[in-house]
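Got your viewer ready? Let's take a short walk through a few helices and see what turns up.

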Amino acid sequence: MIHLWLPLSLVCILAGVGAYGVMARRNAVLVLIGVELILNSANLLFVTMGSVRGDALQTGYVLTLFLITIAAAEIGVALAVVLALFRSRGNIDLSEPGA
Amino acid sequence: MTSLDILFASVGLITAASAVLAVTTHQLVHAALWLVVTLGTLAGCYLVLGAELVALVQLLIYVGAVVVLVLFALMLTRAPMGRSPEHTSSGAQRIAAAVLGAGTTALLGSVLLPALGGELLTARVGDTKAIATQLFGSWVWPFELLSLLLLVALVAALAVSRMPATTEGEPVSLVPATSTEGESE
């Protein structure tokens with residue numbers, strides 16, 4: 001038996017920390033780390049709800065697996081964009097104005 | 001407090017602390033390594049919640065693949081080793097980001113905790129077979145679409161990273177194009 005406020009608080013903390021990382025970082029790769037944290041908080045919410053309200057379709061767990069796959073595709077494309085940015089600008093500092 | 005409560009709280013504390021360190025450390029490579037700790041302990045949280053298949057997939061894909069991609073990107077963009085003060089943002093921006101992050105946490109908490117916080121969760125174990133049956137039964141078309149999405153993402157990443165570096169009208173890149181040409185592949 002787990003009290004549900006424990007995983008739910010972790011969901012809120014991870015989302016807040018990820019939002020801080022997206023807004024406070026200047027390096028593009030570190031911004032992506034913040035995005036990963038937000039995605040993982042959504043995953044944790046899916047798994048928690050899948051464990052509480054287990055339905056016949058196993059929706060919570062299956063959607064978590066889908067979300068992990070989508071996150072892998074997203075990080076691949078995003079890092080390719082970051083590398084293209086580095087090649088054309090020489091840095092990936094997001095606080096500098098674009099060319 | 002049950003024993004699973006204490007187990008989840010201890011694993012979750014490590015997750016939250018390493019997440020905070022991952023977004024606040026001034027060393028770029030350390031941020032990626034703290035992300036490993038966060039994602040790995042999050043897999044532990046999934047195990048405590050009774051989702052062992054999701055925990056294993058999390059370990060395989062996130063800790064195994066995504067973090068390696070992030071480390072490669074840090075390497076290819078010539079991330080400096082050691083502390084890099086030129087990458088830290090100004091104090092005002094960090095304070096604003098902290099306020100917004102705390103606001104996000106408070107907003108989510110004020111919605112989720114009163115609605116569901118009082119419930120008890122009975123962790124079930126060993127329903128991997130049920131997940132697999134549903135995944136390849138009811139969810140098979142979304143599953144196939146996801147494989148298409150992965151293929152499109154692979155081709156798109158290859159196309160973006162092989163784009164010509166400069167076109168006319170843009171400033172000359174600081175790094176010679178020939179030295180970075182081979183790294184993206």
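Which residues of α1(B) are buried? Select B:Phe8, B:Val11, B:Gly12, B:Thr15, B:Ser18, B:Ala19, B:Ala22 and B:Val23; a residue counts as buried with 20 or more other C-beta atoms within 10 Å of its own, and as exposed with 12 or fewer. They cover an arc of only 135° around the axis (using directions from the axis to the C-beta atoms), so they sit on the same side of α1(B). Flip to the face turned away, and you'll meet the exposed B:Ser3 and B:Ile6.

This is a predicted model, where local features need pLDDT of at least 70, side-chain atom pairs need 80 or more, and totals for chains, interfaces and linings use all residues. Residues are numbered from 1 along each chain as its sequence is written, with chains lettered from A and ligands numbered from 1 in written order.

Next, pick residues 140-161 of chain B, helix α6 (helices are DSSP runs of H or I, at least four residues, numbered from the N terminus). Its buried residues are B:Ala153, B:Ala157 and B:Ser161. They fall within an arc of 35°, so they line one face of the helix. The face turned away carries exposed residues including B:Trp141, B:Glu144 and B:Leu151.

Last stop: show α1 of chain A (residues 5-24) with α4 of chain B (residues 91-116), whose axes come within 8 Å and cross at roughly 155°. The two are therefore roughly antiparallel (over 145 degrees between N-to-C directions). Their contact's residues divide into 19 nonpolar, 7 polar and 1 charged (Asp, Glu, Lys and Arg count as charged; Ala, Val, Leu, Ile, Met, Phe, Trp, Tyr, Cys and Pro as nonpolar; the others as polar).

How values were computed: Axes fitted to C-alpha atoms, helices over the stretch in contact; angles between N-to-C directions. Parallel < 35°, antiparallel > 145°, perpendicular 65-115°, else oblique. Expected span 1.5 Å × (residues − 1).
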